[in-house]
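Trainee: Hi! I've got a new structure to look at and could use some company. Can you walk me through it?

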Amino acid sequence: MSFAWTQHRFAGGALALDVANSVILRFDPSRSVDRFADPVQLEAFPAAASAFSAERALFGDLAPSKPSDQSRFIDLREAIDRYFRARVLGRANGGMLADLLEAIAALLRRSDAASLEAATAHSALRLLDASAIERLKICGHCGWLFVDRSKNRSRAWCDMAVCGNREKAKRFQDRRKERAL
Ligand SMILES: [Zn+2]
C-alpha cells in the first residue's frame with residue numbers, strides 16, 4: 001500500500017508530536033516503521049504539515065529539511081519522543097530534558113525561521129508549558145503522542161476515526177472470543 005501524509009498523520013495536535021509520531025508503532029520493534037527513513041516521505045512532510053498540522057497558522061509554509069541538518073533533526077525527533085513520552089508516564093528526568101533542550105538549541109542556532117527544523121523546535125518549546133504538558137497523552141491503541149484539547153480531557157485516542165474505531169472493533173472481537181470459550 002502506498003503511503004501518504006494524510007490528516008490522520010497530524011493527529012498529535014502539535015508539530016513536535018506529529019514529527020515524533022513519524023515513527024509508527026515504536027513500542028513494537030518487529031512492526032515499527034520510520035517514515036522519515038524514506039527520503040521521499042521526509043521531503044513531502046513539510047508541505048503536508050503546512051496543510052494539516054494543528055499549529056499550521058503559527059508557521060505557514062515550511063521549507064523542506066536541509067540534507068545537512070537531517071541528522072540533527074532526527075536527533076531532535078528522538079529527544080522529543082523520549083522526553084514527552086516519559087513525562088506522560090511520570091518517568092521524565094533532568095537528563096532527558098537537557099537532551100531535548102540541547103537538540104532544540106543545536107537546530108535553532110543554524111536554521112532559518114521558516115524551516116521545518118525551527119518550527120519543530122518552537123513547537124517542542126510550547127509543549128513544555130504547564131498547560132500543554134497537562135494535556136499530553138499516549139494513544140491507547142497506536143502509542144502516538146497527542147495533546148488532548150477536549151473540554152473534559154476525555155480523549156483516549158490520537159484519532160477517534162482511526163484508533164478509536166480499531167480499538168472498539170478489537171474489544172468486540174475479544175468479547176466474542178470470550179463468549180466462545
Ligand atoms: Zn492512535
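Mentor: Happy to! Let's begin with a term we'll need: a crossing of two helices is called left-handed if the near helix is turned anticlockwise from the far one by less than a right angle. Keep in mind, too, that this is a predicted model.

Trainee: Okay, so which way does the crossing of α4 and α6 go, left-handed or right-handed?

Mentor: The crossing of α4 and α6 is left-handed. Helix α4 covers residues 70–88, and helix α6 covers residues 116–127. Their axes come within 11 Å and cross at roughly 15 degrees. That angle makes α4 roughly parallel to α6, because angles under 35 degrees count as roughly parallel.

Trainee: Which residues of α4 and α6 meet there?

Mentor: On the α4 side you'll find F73, L76, I80 and F84. They meet L116, E117, T120, A121, A124 and L127 in α6.

Trainee: Let's stay with F84 for a moment. Is it buried or exposed?

Mentor: F84 has a relative accessible area of 0%, so this residue is buried. Leaving aside neighbours within four places in sequence, F84 is in contact with L100, A124, L127, L128, I133, L136 and L145.

Trainee: And how far apart are F84 and P67 in space?

Mentor: From C-alpha to C-alpha, F84 and P67 are 26 Å apart, with their positions 17 residues apart in sequence.

Trainee: Back to helices. How do the axes of α5 and α6 cross?

Mentor: Helix α5, residues 94–108, crosses α6 at roughly 145 degrees, and the two axes come within 9 Å. The crossing of α5 and α6 is left-handed. From α5, the residues L101, I104, L107 and L108 meet E117, A118, A121, H122, A124 and L125 in α6.

Trainee: I noticed D69 too. Where is the place of D69?

Mentor: D69 sits in the loop between α3 (56–59) and α4. Its relative accessibility is 1%, so D69 counts as buried. Beyond the neighbours within four places in sequence, D69 is in contact with L107, R110, S111 and E117.

Trainee: New topic: the metal! What is the zinc ion coordinated by?

Mentor: Four SG atoms coordinate the zinc ion, those of C139, C142, C158 and C163, at 2.3 to 2.4 Å. In sequence, these donor residues follow the spacing C-x2-C-x15-C-x4-C. C139 and C142 are both buried.

Trainee: What about the angles among the four donor atoms?

Mentor: They run from 106 to 117 degrees, and the site of the zinc ion is tetrahedral. For reference, ideal angles for four tetrahedral donors are 109.5 degrees.

Trainee: One last thing, the backbone. What is the phi of L25?

Mentor: L25 has a positive phi of about 50 degrees, although this residue is not a glycine. You'll find L25 in the loop between β1 (23–24) and β2 (33–34). With a relative accessible area of 18%, L25 is buried, because buried means under 20%.

Trainee: And what about R153, what is its phi near?

Mentor: R153 has a phi near 50 degrees, a positive value in a residue other than glycine. R153 lies in the loop between β4 (145–147) and α8 (160–180). Its relative accessible area is 37%, so R153 is partly exposed.

Trainee: Thanks, that gives me plenty to look for on screen!

Methods
Residues numbered from 1 in each chain as written. Predicted model: local features only at pLDDT ≥ 70, side-chain atom pairs only at ≥ 80, totals over all residues. Heavy atoms only, no water. Donors = N, O, S within 2.8 Å, 3.2 Å for Na, K, Ca; no water. Tetrahedral: all angles 85-135°; square planar, octahedral: opposite > 155°, others 65-115°. Buried < 20%, exposed > 50% of the residue type's maximum accessible area, 1.4 Å probe, protein only. Helix = DSSP H or I, 4+ residues; strand = E, 2+ residues; numbered from the N terminus. Contact = heavy atoms within 4.5 Å. Axes fitted to C-alpha atoms, helices over the stretch in contact; angles between N-to-C directions. Parallel < 35°, antiparallel > 145°, perpendicular 65-115°, else oblique.
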